[in-house]
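Open the model in your viewer with the whole chain shown as a cartoon, and keep the sequence panel beside it. The stops below are meant to be selected one after another.

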Amino acid sequence: MRILRLGSSIDSEGETPFEERAASLAAGILASASGEQVETILRMPRPNERMPEIVEGWVAELKPEIVCFNISSHWCEAELIALRLQRLGPAGRFLSRKLNSATRSYDFNASPLVRLSRSVATRVVGGRPPFTPAEAATAIEASLRRVLRHEHVAVVVAGSPYSAALEGGAAARRRAMRRRAELFGRLAPVCDSLHIPYDLPPHDADAFAKAVRTRDRLHFGPEMHRRCGELQGRLMVAAWQAAQVETRMPSGQAGRPTSSPACRGE
């Protein structure tokens, strides 16, 4: 069984061993339930105007049985210094480009001096999220509708119980909570109307903690991956089970399965 995993750098960065990451754990849960071998292919979209076309292209090319659509908290909850600098004229845009280039390196982000500088700069300069909840929700909904054009492809939507709002103190955490509530509030009725299994959880108690993360204090440690992997695995099992029911239904009665309360984290 082939899974198209729409993920983020959480899936590729950090010291957490591959077999302990969410993608591997979720695939193992599905393999145990289905009795089939599971192949996971990772792609990393961004919720902009091109997302629907790009995601549908991946589906057409890779022909997965299930699309695991992970909603990254980075999209709306992170507050990036580089995006704030872009508003400060030519000098700010120059610094923004340099900062964007440097922060692509995991080792750079993991430096204790860089971590300290990031904390101070966020409080002094501030930051902006990559996308507003409305922008992200629009792109995600359009992408989901494009995926569902493809027969025999199931899709699940998984949020994360963790936040990317790790700097800026209590005020930044409150802003992240509001943006999460707005984004998930927009996505939940979409998933309901499209009969897509989903779980869009609130923040866990340690959602903003750095101690459970890897050296850069951004990416996920083993416990974080475990919780996300279990959530995603449950959703994919629900989608697989619904697909088995659908294939056994008499011709003309099959249709998209409805999501159950258990799939919605209720």
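A polar contact is a pair of N or O atoms within 3.5 Å; within protein, one of the two must be able to donate a hydrogen and the other to accept it, and residues adjacent in sequence count only if both atoms are side-chain atoms. This is a predicted model, in which local features need pLDDT of at least 70 and side-chain atom pairs count only at pLDDT 80 or more, while totals for chains, interfaces and linings use all residues. Residues are numbered from 1 along each chain as its sequence is written, and side-chain values use heavy atoms, with hydrogens and water left out.

**The whole chain**

Begin with the cartoon, where the secondary structure comes to ten helices and five strands (DSSP runs numbered from the N terminus, helices being H or I of at least four residues and strands E of at least two). Of the 266 residues, 48% count as buried, where buried means under 20% relative accessible area, exposed over 50% and partly exposed in between, with a 1.4 Å probe and protein chains only. Among the contacts with a separation of 6 or more, residues 24 or more positions apart account for 80%, a contact being heavy atoms within 4.5 Å.

**The sheet**

Select the strands next: five of them form an open sheet in the order 2-1-3-4-5, with parallel pairing (two strands pair if DSSP finds at least two bridges between them). Strand 2 (39-43) and strand 5 (198-199) stand at the edges, each with a single partner strand, so one side of each has no neighbour in the sheet. Helix 2 packs on the sheet and touches strand 1, strand 2 and strand 3, its direction making about 160° with that of strand 1; axes here are lines fitted to C-alpha atoms, for helices over the stretch in contact, and angles run from 0 to 180 degrees between N-to-C directions.

Now centre on strand 3. Four bridges join strand 1 to strand 3 in parallel, and leucine 4 stands opposite valine 67 in strand 3. Strand 3 is also joined to strand 4 by five bridges, again running parallel; here isoleucine 66 has alanine 154 as its bridge partner, and asparagine 70 stands opposite alanine 158. In a regular strand the side chains alternate between the two faces of the sheet. Both faces of strand 3 are covered, with Ile66, Cys68 and Asn70 buried on one side and Val67 and Phe69 buried on the other.

**Helix 8**

Select residues 133-147, which make up helix 8; at 1.5 Å a residue its 15 residues should span 21 Å (1.5 Å times one less than the number of residues), and its end C-alpha atoms are 21 Å apart, in agreement. Which residues of helix 8 are buried? They are Pro133, Ala136, Ala137, Ala139, Ile140, Ser143, Leu144 and Val147. These cover an arc of only 170° around the axis, taken from the directions from the helix axis to the C-beta atoms, which puts them on the same side of helix 8. They pack against helix 2 (51-62), strand 3 (66-70), helix 3 (74-77), strand 4 (154-158) and helix 9 (169-194). Helix 8 lies across strand 3 and strand 4, running at about 175° to strand 3.

**Three buried residues**

Go to threonine 16, in the loop between strand 1 (2-6) and helix 1 (22-34), which counts as buried at 4% relative accessibility. A polar atom of its side chain lies 2.8 Å from the backbone oxygen of phenylalanine 220, and, not counting residues up to four places away in sequence, threonine 16 touches Arg21, Thr214, Phe220, Gly221, Pro222 and His225.

Glutamate 77, found in helix 3, is buried with a relative accessible area of 3%. Show its side chain together with that of histidine 203, since a polar contact of 2.9 Å joins the two.

Leucine 200 is in the loop between strand 5 and helix 10 (222-248) and is buried at a relative accessible area of 13%. Leucine 187 is 13 residues from leucine 200 in sequence and 8.6 Å away in space, C-alpha to C-alpha.

**Two loop residues with positive phi**

Finish with lysine 63, in the loop between helix 2 and strand 3, which has a positive phi of about 50° although it is not a glycine; lysine 63 is exposed, with a relative accessible area of 59%. Histidine 195, in the loop between helix 9 and strand 5, has a positive phi of about 60° although it is not a glycine, and counts as partly exposed at 32% relative accessibility.
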